[in-house]
Amino acid sequence: MKDRHLHLIAFLVLLLTSHVAVTAAATSKENPFTPKAAAIRYWNNKIYKVPRPVFLINKASPLTASDSARFAQLASTNSLSSHLSTFCNLANLICFSNPTTNLAKQSGDDKFAAYSDQNFTNYATVAAGGTNDFKNYSLNENEPLDSFRRYSRDSAGHNDDFTNYAGGGNVISQTFNTYAAGATGGTGQFTSYAKEVNVPGMQFTSYSDQANGRANDFNSYSESANAGDQGFANYGKNGNGASNAFAGYGKTSNVVGSTFTGYSLTGNAGNNSFTSYGFDSNVPQNKFTRYGDGGNAGVETFTSYRDQSNVGDDAFTSYGKDSNIEKVDFTKYGDSFNVGSDNFTGYGEGAKAQKVGFQSYGQNSNFKAYAKKGITFANYKNGSDSSGSVSDSLVKGKMVKNKWVEPGKFFRESELKEGNVMPMPDIRDKMPKRSFLPRGILTKLPFSSAQLAQLKEVFHGFDNSSMEKMLRSGVEECERVPSPGETKKCVGSIEDMIDFAVSVLGRSVEPRTTQSVNGSKGDILIGKVSGINGGKVTKSVSCHQSLFPYLLYYCHSVPKVRVYQADIHDPKTKAKINHGISICHLDTSVWSPTHGAFLALGSSPGKIEVCHWIFENDLTWTIAD
């Protein structure tokens, strides 16, 4: 009996020590004070009996508990900017560091192939002759950052060639400040510059300022790019005999904007040509402020500018104002298949002996304080002459309808049925990889238009930089007035997203997203389909990423929707390859007539429902089943 008691005691001691060891091991793996652990606890406290979604929790900040506390303290004392590089690396954010090396002392005929993230400040300054060749520079990088400040300044006969520069990149930042300023002769060639880039950001400030006889050629610049901005401030200002050609600039791009401020201002005998600029693009936006203002004997040619584009907006403010013998030709300008807008304010006002011709110019234009003499209009399509609508414009055929909207991006509810074969768009996440911030840091950072200066200081968003534009556009979008019936909030932490979803839908909520990107850009076979909440008309909270240094979601309530989940199969092998989440908007009455859904489906606001898939890393919250 005594031996039996001893064996029982030994067994209990072994069991107790094993439990302690397992508990200690589990504790050592997961620190309860990390931002991720805090997000899990917050979910458990806020969400009622719904399993935690792994895909959302994995977006929590990777910071350790000690780093999170340290950076929160720095943020509270406005000292985070001095530690930005370390903060961005540890917290998994987008930040543009300073280019690594200053190559100013190199000169001669230099070739830069497969280079990236370099500082070319003062490079080739006062150079005589020679050629620099930038071929395949910064290709396919996520966040290439290059600086060409005072490059080729005061040079004579120096040639620069940028071929396949920054192509295929994502969120690129290039700065050409006082590039070729004061140069005599020579050429600058930009061929396939920033081609197929996502969010291009290029700044040309005082480019070729006071240059003499220098020629610059932008060929296929930002072609097939997506949602970026180019700035040309004081480009060619006070130049003499400068020749600039923009051929295929922004061609077939999506929502790319360019700003020309003080371009060729007070220039002499300049020759600027815009051929197929913004051609075949989707919603191109260009602003010409004080372009050619005060110039002498300049020649400006706009051929097929914004031709065959979808919508688009151009603004010409004080263009050619107070100039002398200025000649401007607009041939096939703005002949878009969906009406855009053009505003000419003070165009040619006060000019002498100017000659301006508009041939085959598109409709819906506004001329304010426009010069009354020296202007001719041929085949001008005035907006009042057309009673066409978006639906009418779609009569041109399905090829036009599919041109701007990827097949399968929008579809009708009736298509979402088992056995149907349909195209699936590219649902891959194109945004740079980032993480949420811990709420303890987020609440200490500025985030408003009134605090933009402080926000720029934290993230080193210098004036006219890509970072500044990113910060400004992100804040402005979040401060935009909600659409009718919309409730919205921008969230930079998991806790904030949970709070907003719960405030709209209650505590029993569940976020959903498409399982993977399998099937993207190809045909798919729809398998079993089931409606969330029994397929009843409901409301949801959809969250879409915004481009910002940290992971920022634009979340908004969407009334009158039906949400579906569907198995997705390979149409050839019939194997299941994905599990998709789609949302159908039943009320489209407040949508824009030029919305891509109506271009794709051939209808107009309020007349049809519109469905789409939830893309990678986007999500929609619904009341839990």
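**Charged pairs, paired strands and nonpolar cores**

In this predicted model, Asp625 counts as exposed because its relative accessible area is 63%, over the 50% cut-off. This residue makes a good starting point for a walk through the salt bridges. As background, side chains of opposite charge can pair when their charged atoms come close. The side chain of Asp625 meets that of Arg512 in a salt bridge, with an N to O distance of 3.9 Å. The two partners come from distant parts of the chain: Arg512 belongs to strand S23, whereas Asp625 sits in the segment after S29, and 113 residues separate them. Unlike exposed Asp625, Arg512 is buried, because its relative accessibility of 10% is under the 20% cut-off.

Arg512 also forms a salt bridge with Glu510, at 3.2 Å from N to O. With 24% relative accessibility, Glu510 is partly exposed. Glu510 has a place in the strand pairing too, where it stands opposite Thr622 in S29. That pairing joins strand S23, residues 509–512, to S29 through four bridges, and the two strands run antiparallel.

Strand S29 has another partner. Strand S25, which covers residues 538–546, pairs with S29 over three bridges, again in the antiparallel sense. Within this pairing, Ser542 has Thr620 of S29 as its bridge partner. How many of the five residues of strand S29 are buried? The count is four, so this strand, residues 619–623, is largely enclosed by the rest of the structure.

A buried polar residue can be followed in strand S27. Asn578 lies in this strand, which spans residues 576–585, and a relative accessibility of 0% makes Asn578 buried. Which backbone oxygen does the side chain of Asn578 reach at 2.8 Å? It is the backbone oxygen of Ser516. The same side chain also reaches the backbone oxygen of Asn518, at 3.0 Å. Leaving aside residues up to four places away in sequence, the contacts of Asn578 include Thr514, Gln515, Val517, Ala566, Asp567 and Ile568.

Returning to charged pairs, the structure holds 17 salt bridges. One of these joins the side chains of Lys456 and Glu468, with 3.0 Å between N and O. Lys456 is part of helix H9 (residues 452–458) and Glu468 is part of helix H10 (residues 466–479), and the partners are 12 residues apart. Are these partners buried or exposed? Lys456 is buried, with a relative accessible area of 14%, and Glu468 is buried as well, at 8% relative accessibility.

Between H9 and H10 runs a loop that contains His460. His460 is not a glycine, yet its phi is positive, at about 55°. For context, most residues other than glycine have a negative phi. His460 is partly exposed, with 30% relative accessibility. Lys49 likewise has a positive phi, near 55°, and this residue lies in the loop between helix H2 (35–46) and helix H3 (54–57). Lys49 is exposed, given its relative accessible area of 71%.

The nonpolar residues come next. The largest nonpolar core has 33 residues, of which Phe87, Leu93, Leu445, Phe459 and Tyr550 touch the most other members. At least two residues of this core come from each of helix H4 (65–76), helix H5 (84–91), helix H8 (439–442), H9, H10 and strand S26 (552–569). Which element gives the largest share? H10 does, with five residues. Tyr550 touches Leu93, Leu445 and Phe459, and its other contacts beyond four places in sequence include Arg434, Leu437, Phe447 and Gly492. There is also a second, separate core of 26 residues, with Tyr42, Val491, Ile498 and Leu551 among them.

A word on confidence completes the picture. The chain has a mean pLDDT of 74, and 47% of its residues reach 70 or more. Over residues 8–28, pLDDT stays under 50, and the model has zero contacts for this stretch beyond four places in sequence. Residues 104–108 also have pLDDT below 50, but this stretch has 10 contacts in the model beyond near neighbours in sequence. Where pLDDT is low, the predicted coordinates should not be read in detail.

Terms used
Residues numbered from 1 in each chain as written. Predicted model: local features only at pLDDT ≥ 70, side-chain atom pairs only at ≥ 80, totals over all residues. Heavy atoms only, no water. Buried < 20%, exposed > 50% of the residue type's maximum accessible area, 1.4 Å probe, protein only. Pairing = 2+ DSSP bridges. Polar contact = N/O pair within 3.5 Å; in protein donor to acceptor, adjacent residues only side chain to side chain. Contact = heavy atoms within 4.5 Å. pLDDT = per-residue confidence, 0-100. Salt bridge = Lys/Arg side-chain N within 4 Å of Asp/Glu carboxyl O. Core = buried A, V, L, I, M, F, W, Y, C linked by side-chain atoms within 4.5 Å.
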